[in-house]
Amino acid sequence: MAGAKPGVHAVQLRPICVPESLIKGNKFIRWDESSTIGTPVTLKVDPKGYILYWKDQNKDMDYLDMSFIRDTRTGRYAKVPKEGKLRDTCVIGTVDCPLEDKTVTIAYNKDPSKCNMVDVDFINFVCASKPVAKEWCEELLKYANNLLALNASALSYLEKAHTKLTHVLDVNGRIPVKNIVKMVAKHAEDRRRVEKALEGVGFNAGKNETIDPNRFTFDGFFNFYRHLVGRTEVDKVFDEIGAKKKPYLTVDQFVEFLNREQRDPRLNEILYPYYTTKQAQDLINTYETKTGMAAKGHLSQEGFLMFLMSDENQSIAPDLLDLSHDMTQPISHYFINSSHNTYLTGHQLTSKSSVELYRQVLLSGCRCIELDCWDGRGADEEPIITHGYTMCTDISFKEVIEAIAESAFKTSDFPVSLSFENHCSPRQQAKMAAHCRNIFGDMLLTEPLETHPVEPDNPLPSPHQLRCKIIIKNKKRHSHKPRPAKVQTPLKSTPSSSKMVQVNGETKGGGGGDGDGGGGNEKVVSTPSTASEMKSRTESESGEGTTAEKPIDSDEESESDESDFEEEEEVQSQIKSSNFKQDKGTAGKEAEAGQEMSALVNYIQPVHFHTFEISDKRNRSYEISSFVETQALSLLKEYPVDFVNYNKRQMSRIYPRGTRVDSSNFLPQIFWNAGCQLVALNFQTLGKLDCGILNLGIFEYNNRSGYILKPDFMRRNDRRFDPFAESTVDGIVAGKVVVKIISGSLLSEKKIGTYVEVEMYGLPTDTVRKKFKTNMVQNNGINPVYSSEPFVFEKVVLPNLAVIRIIAFDENNKMLGHRILPVQGLRPGYRHLPLRNECNLPLLLPSLFVYINVQDYVSDQFAIFTWALSNPIQYLSQLEKRDAQLKILEDMDNEDEEVLESSMDGIKDVSRTDSSSSANPIPEKKSDKKPVTSKISHAEIKQQISSSSDTSNPSGMVSQPQLRSVNSINNENGINPGSSKLNDPTILQPTSLEELKQQKPFIKALSKREKEIESLKKKHEKVKESVKEVHDTQLDKMFRSQVKAKRSLEKTNSKVLEKAKKQGNKEEVERKTSMEFDNLLTGHEVEHKEMRDTQTEMFVMMSKEHYQAELEIHQRHLEPLYTALKEIMEQDHKNHLKRLTDIHDGEVKKLSEDMEASRQKDNKQMSKQYKDKEERARRRREAQQKHVDAVVERRRKLSDILAKKKDELTKALEAIADEFEKEREQASEKLVAEFEEKCQNLTAQQSKTSETVEENTQL
């Protein structure tokens, strides 16, 4: 609702600003279809842009209401006279400028009671130059579509009425009184009432009297309005809020009123601060009309009424009208204003087709239109648009494309989708593609955006990225491998080949749609006679049957692109599609997509819908499926959450069923609740039923862009939403809305009875229709005052999707006016609602005065706490008051203590009951008798709302005696909630992984691994022994060789020394031989170290290879080990859960047995106690019901305990499963780490051993 917005949106809408050139006016020549000659006129616009008016040479004046102008055109698309005489009289200005360039053609609704897109009239004005025509054309269209003007206040519409009266004068430049009377009333008594009100403000009111427009100021007109309608109900509010005996409100009283009544209490005080005295004084200065009052800070009744009717007191926040939604989300995240069979002006079988309707539908904000294309029959073989196999007329495809190009982005810049139902030959499809490319030019989106390729898993682009782009929705040709031949050969698309199908008792044709519908089971019957055949074919051709009313080729196209599916799913989809084709006729099947048209298709590719699961696996956001309303409703009932999730990713289109030959519509809210984007309606009948009016009302917001952003839980994949939810949605605060209809103003020109209905549309649980209705006020269409109590919408589960519709009816149930208000943007307090007509265009004078109360929903159990928190002082004072009242009971005798305790319990219950009112701590009970008087005061309204909102005594509350009765039955049956075996804590203790590893399957797998590792170790030990022997032999051999060399050198040296001794050089030789001996020893040590290092390296390498082999065995056995452990764990978890269920089932069984035994016992006692048969039967029924209620309650408690214990056990089991997965993920890493650690330890150990050996050698 309004208070739910996190920030303040800066409104970009601007009021109408009329340039001086249009106020002064220009010379034009006026003509229309009924004219024989052109009429020179002076064309003007009033300074506020309310009306377009003109005066001819005879001073006769006429006007157009700006809000009823639907389009303005100049240049190529302007109308020009066909007759030569009329054309000659329309010559003005330079001759070298074409007449169409100087013409301003205005499309408008002449009769407000027939304000629709079909009954459009045209009026033409020819000026002297092209720039003047262009300026008038652009400015008038801007004024006609100004949202602030279309949603103006009741005071602004009074100003518009005054502007019409003072600008459209008689030949003497005066206001005829009959114009004022005619504007308000038709009945003779009401006419006299109008004349009396004029006389009351000082004007002559005779039948032929006139009024000087300079004297008839707006203040005078407002005083006339006050005299006419009285507005005593507003005066009552004025008196109750503080004026009382004084004829004015002070600025402080006005501030208090603004903050207490007119401000939403849920709003953030920083973003939406309270009204200040300065702001209140500014409002007084603006709306106070009496001299000297504003300077004193006083507000009179007239000023108060003007404020309540002003733009400052609108019922809807202006930011909702502005472009306030985020337009950068994927296009599938929006509700898109969509049309069905756009070309038809009425009946689906017999109406005319119209190019103009395409313009009007686009200008209304529609962003998806439908084109049913067929081969042209003329000499030029130009494609046509018509409703095949019906009596509907046809129109040129090229002219439609030109109209779309001219009107597509006049009122909205956001993308337009063209939904083609293509029945044309390849040759004419090529012409269609050429027309689209040539006429649309750069507006046509022929290639995907670089940032958003058309590939699976990619989201769609946003409306902002596709601004001013036209997107083609047509069957797309896919290159694919050949498919097996179908059993049934499709027939040619000719009227004579149409088969008939029987669906739900209705005879329909078998084709139609737009190439992307779903399948269904329908029985084929014989071909009917000509009359019924024409009707049934028409229904099928409109693309509006049940699930079988879709073309065959669409199935083939979609199936051709499913090669990426598993074989089983592909076969199943083919079987389903094959059955679908056998069940439906072929009369309306679409032609195969031509290459040229297929090349234009990118982001909206129609496919046949199979299942939500298949769509989810494909994950192709660019694929769209169309559903007839009956099929969509079935899917919504059966798969509501899946339907919502489907629409998060890709788009769906919903269209009316074939039996709606009168072009009626379904309720679009049903499918908006599921997030369906393209809910296509028949725009030619939008205003005739509530369904279409709702569409117009919803898409008026967000700057009439045609796109409404869906709530975030309909867009985010991490949020789950059920359209049938009855409880609050996560993250969304439910709301409570109270609407009090106080009075109406100028509802009808007739003297007739009126009443008002209030409806709400939203989720099924929020939707309320035909329930809230005011009393009928007889014979009063001018100022009826209603005395009905407030209408309370106690719990609005989803305010984001809910809207309120308020409708005024006359006594004949004819709608006098209505208004659609989004719950999310409601402003509380006293508000005036200017009413709309059937096409949601503003009416001039009819309005309703209402009181709205919006707040967050609070359940009954928390009402007292909410009230205590919001009104702590009142709450404490009530407690103190009751404590004082209870003191008189303190001196009672001890023998009455039990009575005293029970009395105090009763008083506390009353205290809790009284305190639960949200509006008043001690609300008065709702009176059964409705008030007779029609004068309603502010205090009465507040009291009624308090009474209507009273939640102090919920209907479902169980009384104390009933509770004791239930407990006694439980005790008699031995049923004690605390004694349930489900409460045994041991059943919640899961088996740990270590305990699971002691199970036999795991031990067996582990033994297999250990056996293999043991075998490997023995093999490695043998290898090590062999290598060690080789190393020892090598060392021994080297050692022997070194000893031999040492001895040989010693002998040689001894001989040399003896010889040197004889020669006398012994010392020198001795030194030399000593060096040789040292060198020999050093060489021996080096050789020994090299061999030892070599052997060590070899040993380390061999050991690492052995460790690697062990690692491989461990890794190879990881999967079997953990597979076995997982199976053990899963079975153990199943056993734990089964044990819980078995305990629950056992207790339920015992409960049933105890109940049956107790019932039989009671029956025996009653048979003895009650002799009367009827009395005995009644008593037995009562006893049976008590037993049933008690057992149902106990079973519910057991179910709750079971669910709770299951949750607890599931969490514990999930913790074990998480531990298992974690250990499983880390097992391989742990083995590798152990392997590396062994290798490092081995290297370190060998290094240490080598160092020790070397030290020993040196020693």
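Good morning. The protein chain exposes about 61,400 Å², and carbon and sulfur atoms supply 50% of that area. I should state at the outset that this is a predicted model. Buried residues account for 51% of the 1259 residues in the protein chain. Its secondary structure amounts to 33 helices and 33 strands. Turning to contacts between residues at least 6 apart in sequence, 77% of them join residues at least 24 apart.

I shall now take three places in turn, beginning with a sheet. It is an open sheet of seven strands, in the order 4-3-2-1-7-6-5, and the pairing is antiparallel. Which strands stand at the edges? They are strand 4, residues 61-65, and strand 5, residues 69-73. Each has a single partner strand, so one side of each is left without a neighbour in the sheet. From one strand to the next, the twist averages 30°. As general background, strands of a sheet pair through backbone hydrogen bonds, either parallel or antiparallel. Strand 4 runs antiparallel to strand 3, residues 51-56, and five bridges join the two. Within this pair, Ile 51 stands opposite Asp 65 of strand 4.

The second place is helix 6, which spans residues 177-184. Its buried residues include Val 177, Ile 180, Val 181, Met 183 and Val 184. Why do the buried residues line one face of the helix? Seen down the axis of helix 6, they fall within an arc of 160°, and therefore they line one face. Lys 178 and Lys 182 are exposed, on the other side of helix 6. In general, an α-helix has 3.6 residues a turn, so residues three or four places apart point the same way. What do the buried residues of helix 6 pack against? Among their partners are helix 5 (154-167), helix 7 (188-200) and helix 8 (218-229). Three strands also take part, namely strand 8 (175-176), strand 9 (210-211) and strand 33 (842-856).

My last place is a single residue, Tyr 275, in the loop between helix 10 (251-260) and helix 11 (277-287). Is Tyr 275 buried or partly exposed? Its relative accessibility is 29%, and because buried means under 20% and exposed over 50%, Tyr 275 counts as partly exposed. Leaving aside neighbours within four places in sequence, Tyr 275 is in contact with Val 255, Leu 258 and Asn 259. Phe 254 lies 21 residues from Tyr 275 in sequence, and their C-alpha atoms are 9.7 Å apart in space.

Thank you for your attention.

How values were computed:
Residues are numbered from 1 along each chain as its sequence is written. This is a predicted model: local features need pLDDT of at least 70, side-chain atom pairs count only at pLDDT 80 or more; totals for chains, interfaces and linings use all residues. Side-chain values use heavy atoms; hydrogens and water are left out. Helices (H or I, at least four residues) and strands (E, at least two) are DSSP runs, numbered from the N terminus. Buried means under 20% relative accessible area, exposed over 50%, partly exposed in between (1.4 Å probe, protein chains only). Contact means heavy atoms within 4.5 Å. Accessible areas come from the Shrake-Rupley method with a 1.4 Å probe; for residues, only the protein chains shown count as cover. Two strands pair if DSSP finds at least two bridges between them. Axes are lines fitted to C-alpha atoms, for helices over the stretch in contact, and angles run from 0 to 180 degrees between N-to-C directions. The arc is that of the directions from the helix axis to the C-beta atoms.
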